[in-house]
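Hi everyone, thanks for coming. I'd like to walk you through a model, so please have a look at the screen.

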Amino acid sequence: MDEELARAVKAVKAGIYWRLVGRWCVLTIASISFLVGVLLLLCRSFAENSYAGELLLGGIVVWLLLLVVGMCCYPKHLPSSESIIAWLDARSEGGGLMVAAAEEGASVWQARRSKISVPFIRWNTWGREMILAFCGGAFLLCAVFAPQKMREANMGKKILDIQDETHKIENQLEILENTLEVNSEKLKEMKDILADIQQYNDAGEASKTYEMLDLLQERIDREISEYFNETMEHVISSEKLAEALEKLSQLENHFEEVATASSEIAKFMAKLAEEDKELSALFKQLAETGDLPSLSSLENASPQNPLTPEQQKKLAEFLKKNADKIKEKLKQMAEQMKKNGCSSCENVSMASAEFDLKALEEWLVSNGGEECGSAFTIAMQCGGMTGGNGEAGRGRGDAPLEFTNTAKEVEHNVTDLGVDGMAKPDSTSVVKRTLVSPENVGDGDNAVKAGNLAGGNGKVKASSRPIHPQHRKEVENYFKK
Amino acid sequence: MLLTPEEMAPSVECTKRILDELDRILLGHHDVHKLVLIGILSKGHILLEGLPGVGKTALIKALGVLLDLEFKRIQFTPDLLPSDILGGSILQMGANGQRELTFQPGAIFANIVLADEINRASPKTQAAMLEAMQERSVTLLGVTRPLPEPFFVLASQNPIELEGTYPIPEAQLDRFMFKLEVSGVDAEVLTRIITERRRGEPPKPTWSLKKEELDGLFATMERISLSQAVAFYVSNLVAASQPGGDGAIDEVTNYLAYGPSPRAAIAMAEAARAAALLAGRPTVGFEDVKSVAPWVLNHRLLLNYQARLEKITSLQLVETLLEKVQPADIKLPKGFSSES
């Protein structure tokens, strides 16, 4: 084979080879781009890390390997030199001289041979394959960059829209903090819980989130209720004491009772002052000015040195005013709390509004007149609210009421622990129950109560599975029907 | 070993002179002259088809004179008998006075036989030429007699006036290397004919080929190289024209009843060698095959009724075949093509 022919054959082979390699290169780029892109997305979907760098590096390495493999393999796919020579001969109209030159040598005819025209090898489908590679590259770029944000959005937990609920609770906590003088540790704890709820708000566990919100709300309600109850006890005690004082002022020549009452009043006033700093300050101020007797004078009251009727009246007036002031304050707070979704505040305000002291007093007088013995006793009895476990109008109201630790109810085989008449009711007091407990539901009733639904027979429990706020209205409507 | 240019030169010169002389004698038929010369160099028989008066007989006669070969003409008629062509044994008085059968050679015992209007003879008479054309011998009464070397049958037939004619059987047609169509000439050539030639008589050849020159031509023909690639192309062409064959193109399948025989491939290769010689090359090229393929194949392709209905001719089919069967096409990978 002469040099010119060899060169032409080499040129044809090189043309085909490099185009094949180029196409292989483009196709492998497209394939690996798609593959790496998919792997990247999968990693981002199911793994903690996207491994973008590692995957890209791996893709490049694989691509280079494939390129090398392609470059090694393609020479085997090239047409043989003989067929290329025949092809060139046919295309150049060489009259068989090129073929003959390759087969048996025709150097003497080289001068007469037609010029070899090396055809141009065209890669017809380059556009399609380039588009494929471009799409692969674009997909890879999207997988590398764009989905990072998508992943953050997708991988981040979906948040429930509990802004309304948390906002109301925040307001309630603020009111508690500013107004009700709740224990700062409790308040901090509740705030922490709220912060936790907001932080770990997860739509995937909506039930838990709402349950926590409900529990927090319950706790707030309980705190409010406790505070309201305590305050109301305070108010009621003040009012009853005032009335007792008024009645005492009308009793003449009962020096012994007045003296005894003065001692009790002093204790009571001391307790009130201890609970209410404002009242304490005011009381001291009035004592100094002489408008009210001092605590010491009260404690030292005796039949020889009783409180004067004027002093009794002034004291009663002071207590009443103070009670009214506290009631007004409670009312305002209850309204504020109601605005912020405090469910128990409605009951509180209603309870305070409906608490019929006169009816209670009459009832006590008619039922326990002799045992009470006097208006003072009645006052003490009402102020203490220590009798029985039932509420004021029912239960064991007729149980023997004693101011010692020896009170027993033999008939029912229940032993009551006697409490100080001035003792603050504990958290299990009747008043609290009246305020926070759901409506009365009989056994076996299917009912919707205070936003909770308990299916089947049985009582409704506050700890039952919560119904999400957005569903509560529909659930209520359903059961109303 | 390939022929050198120097070795080829006399033969090339010789063929050129023959062609020039033929062109001088008969005006306006250069391509036919070339193909006839190719046929002669290939030792093939040629069937010339054309209207009366286009110069078929004149061409054959001139060729006979030029090649300095024994030339005989047989005018085929319906009552022509085989013995009129082949000859026969006749009873003659011998020198000793005894009667003996003596073979009297027919007109076929010549180097160049002009079978004029061959399709007018009966099939029996036409068939008498079968052995002579293929075996280049005649067998009569159990005695085989070789024909003179070289032996060519140059037949002519008239495509019109088909009444009372007998179409040449396929077997006999296949024995013709070429079937050439001799057409009329244009006005310019006609003008030259009527102005330069009295009564249209062609000029007589001024020279004749010497026997050694003719032998030299045939010897050169023997050394023309046919490469594998070209041979493969010839084979592919013939294979592609076989209806039902693996390599058959769609047109062949649709329009052909029968394809060419292997004799066609042989004829094509031989004709391509002669074409290469005329081109002055020691090797057969793909273009040589292409140049002779239509005339080798056209009378060997038997069209079916579909082709006749659609007025598809054999030559059209051959053209399609040459377009579709690429010579020495390398199989480029999918998605790649070549362009000059």
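I'll start with how the model was made and scored, then go to one helix, the chain contact and a hairpin.

First, some housekeeping: this is a predicted model, in which local features need pLDDT of at least 70 and side-chain atom pairs count only at pLDDT 80 or more, while totals for chains, interfaces and linings use all residues. Residues are numbered from 1 along each chain as its sequence is written, and chains are lettered from A and ligands numbered from 1 in the order in which they are written.

Now the confidence. The model scores ipTM 0.76 and pTM 0.57. For chain B, the mean pLDDT (the predictor's confidence in each residue, from 0 to 100) is 87, with 100% of the residues scoring at least 70. Within chain B, confidence is highest in helix 11, at 92, and lowest in strand 12, at a mean of 78. By helices and strands I mean DSSP runs, numbered from the N terminus: H or I with at least four residues for helices, E with at least two for strands.

Let's turn to helix 12 of chain B, residues 286-297. Its 12 residues, at 1.5 Å a residue, should span 16 Å, and the end C-alpha atoms are indeed 16 Å apart; the expected span is 1.5 Å times one less than the number of residues. So how enclosed is helix 12 of chain B? Largely, because 10 of its 12 residues are buried. Buried means that 20 or more other C-beta atoms, placed from the backbone, lie within 10 Å of the residue's own. Among them are Phe286(B), Trp295(B) and Leu297(B). These buried residues pack against helix 3 of chain A, and, in chain B, against elements including helix 2 and strand 9.

That brings us to the chain contact, to which chain B gives 31 residues and chain A gives 33 residues. Contact here means C-beta atoms, placed from the backbone, within 7 Å. On the chain B side, the largest share, four residues, comes from strand 12. That strand pairs with strand 1 of chain A in the antiparallel sense over four bridges, with Ser338(B) as the bridge partner of Ile121(A). Pairing requires at least two DSSP bridges between the strands.

Finally, the hairpin: strands 6 and 7 of chain B form it with two residues between them, and Leu141(B) in the turn has a positive phi of about 50 degrees. The two strands run antiparallel, joined by four bridges, and Val138(B) stands opposite Arg145(B).

Technical notes
Contact = placed C-beta atoms within 7 Å.
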